[in-house]
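Dear colleague,

I am handing over the structure below, and after it you will find an account of what I found there. Please read the two side by side.

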Amino acid sequence: MAWLVTVLVVLAVLVLLGLALSVRIVQQYEKGVLFRLGRVIGVREPGLTLIVPVIETLRRVSLRIVTMPIQSQGIITRDNVSIGVSAVAYYRVVDATKSVVAIENVAAAISQIAQTTLRKVVGQHTLDETLAETDRINGNIREILDVQTEAWGVVVTLVELKDIQLPDSMQRAMARQAEAEREKRAKIIAAEGESLAADQLGAASDVMMAHPLALQLRNLQSLVEIGVDKNTTVVFPAPLMSTIEELGGFLAREAAAADTPPPSPAPPTIPTARAPATETGSNSNRAPATRQD
């Protein structure tokens with residue numbers, strides 16, 4: 001009886017060991033590729049799967065999107081500028097059988113082909129194009145990777161340039177260019193503002209010429225604005241040109257008065273006696289007439 005119990009115990013242990021070796025669980029985000037004696041016989045869906053120990057092997061493949069950083073690559077652009085470019089790629093497995101049979105290590109293969117493709121694509125563009133047209137470069141890299149990885153059962157969903165490292169001399173040159181561009185915009189905006197202000201001042205001067213009291217009202221407004229600061233200075237604004245003209249006339253009059261000598265006093269006049277008038281002429285020389293009988 002003891003040997004029978006021993007046999008039953010051994011059989012139970014063997015059954016439990018066989019179940020442990022034959023039971024496989026495939027997660028929801030995975031698919032299982034089943035090999036029997038080295039040949040692929042099918043794909044197992046998520047859930048509980050039983051295999052024959054020793055004879056069959058189950059390879060589980062994740063179908064989730066994988067984030068793969070692309071190391072910084074030293075690249076010479078088309079205009080002979082050395083830059084360092086790093087990127088990131090997103091891919092996922094769509095065919096579990098191909099990803100296991102067609103290639104040994106999917107992640108390593110995609111990393112290497114992504115690095116070479118990044119150098120190739122960026123090297124065909126100038127520095128300005130690399131900085132300004134990143135979307136087009138990302139699309140070109142993704143298309144090239146898709147063509148290469150299609151045979152591996154992998155789809156590259158997205159490629160993005162992450163960092164572009166420029167030489168220090170190039171950074172300083174670009175900074176000077178940006179400063180010059182902004183100074184140009186600032187000067188243009190200031191000139192446009194001066195032009196608009198001149199137009200408005202011209203319109204305001206026309207109104208003040210038509211309505212002289214408007215200038216006086218503006219002067220009063222200036223006094224109100226000055227009085228807000230609580231200062232002790234009192235300013236009386238006046239028309240500048242008329243004030244300068246009056247001041248110039250006053251100085252001219254003062255200078256003329258200083259140059260002209262004062263008039264000397266007139267000498268006193270003495271009255272003289274008037275002599276009687278005498279007849280002159282032909283009557284004084286004529287002899288007295290005589291009467292003849």
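How many helices and strands are there in the protein? There are 9 helices and 8 strands, and please keep in mind throughout that this is a predicted model, which applies to everything that follows.

To begin with the chain as a whole, 20% of the 293 residues of the protein count as buried, and the protein exposes about 22000 Å², of which carbon and sulfur atoms supply 59%. Among the contacts between residues at least 6 apart in sequence, 62% join residues that are at least 24 apart.

**The sheet**

The part I looked at most is an open sheet of 3 strands, in which the order is 6-7-8 and the pairing is antiparallel. Its edge strands are strand 6 (66-76) and strand 8 (154-165), each of which pairs on one side only, and the twist from one strand to the next averages 25°. Helix 3 (residues 106-123) packs on this sheet and touches strand 6, strand 7 and strand 8, with a direction that makes about 35° with that of strand 6.

Strand 6 and strand 7 run antiparallel and are joined by 9 bridges, and in this pairing Pro69 stands opposite Val88 in strand 7. On the other side, strand 7 (residues 82-93) pairs with strand 8 over 10 bridges, again in the antiparallel sense; here Ser86 stands opposite Asp163 in strand 8, while Ala87 stands opposite Leu161 in strand 8. In strand 7, 9 of the 12 residues are buried, so this strand is largely enclosed by the rest of the structure.

**The nonpolar core**

In soluble globular proteins, nonpolar side chains tend to be buried together. In this model the largest nonpolar core has 33 residues, and those with the most contacts inside it are Ile83, Leu118 and Ile141. The elements that give two or more residues to this core are strand 2 (30-36), strand 6, strand 7, helix 2 (96-101), helix 3, helix 5 and strand 8, and the largest share, 7 residues, comes from helix 3.

What does Leu118 touch, once its neighbours within four places in sequence are left aside? Leu118 is then in contact with Ile70, Gln73, Ile75, Val85, Ala87, Ile141 and Leu161. Ala87 and Leu161 in that list are the two residues that stand opposite each other in strand 7 and strand 8, and Ile141 is itself one of the residues with the most contacts inside the core.

**Helix 5 and its surroundings**

Helix 5 (residues 134-149) has 16 residues and reaches 22 Å from its first C-alpha to its last, which is close to the 22 Å expected at 1.5 Å a residue. Its buried residues are Ile137, Asn138, Ile141, Leu145, Asp146 and Thr149, and what covers them includes helix 3, helix 4 (127-132) and strand 8.

On the side of helix 3, Thr117, which lies in that helix, counts as buried because its relative accessibility is 4%, where the cut-off is under 20%. Neighbours within four places in sequence aside, Thr117 is in contact with Ile141, Ile144 and Leu145.

In the loop between helix 3 and helix 4 lies His125. Is His125 buried or exposed? At 6% relative accessibility His125 counts as buried, and, not counting residues up to four places away in sequence, His125 touches Thr77, Arg78, Thr130, Arg136, Ile137 and Asn140.

**Two residues with positive phi**

Most residues other than glycine have a negative phi. Two residues in loops are worth a look with that in mind. Asn80, in the loop between strand 6 and strand 7, has a positive phi of about 60° although it is not a glycine, and the hairpin formed by these strands has 5 residues between them. Leu37, in the loop between strand 2 and strand 3 (39-44), has a phi near 55°, likewise a positive value in a residue other than glycine.

Both residues count as exposed because the cut-off is over 50%, with a relative accessible area of 66% for Asn80 and of 70% for Leu37.

With kind regards

Technical notes:
Residues numbered from 1 in each chain as written. Predicted model: local features only at pLDDT ≥ 70, side-chain atom pairs only at ≥ 80, totals over all residues. Heavy atoms only, no water. Pairing = 2+ DSSP bridges. Helix = DSSP H or I, 4+ residues; strand = E, 2+ residues; numbered from the N terminus. Axes fitted to C-alpha atoms, helices over the stretch in contact; angles between N-to-C directions. Contact = heavy atoms within 4.5 Å. Buried < 20%, exposed > 50% of the residue type's maximum accessible area, 1.4 Å probe, protein only. Areas by Shrake-Rupley, 256 points an atom, 1.4 Å probe, with all protein chains shown as cover. Expected span 1.5 Å × (residues − 1). Core = buried A, V, L, I, M, F, W, Y, C linked by side-chain atoms within 4.5 Å.
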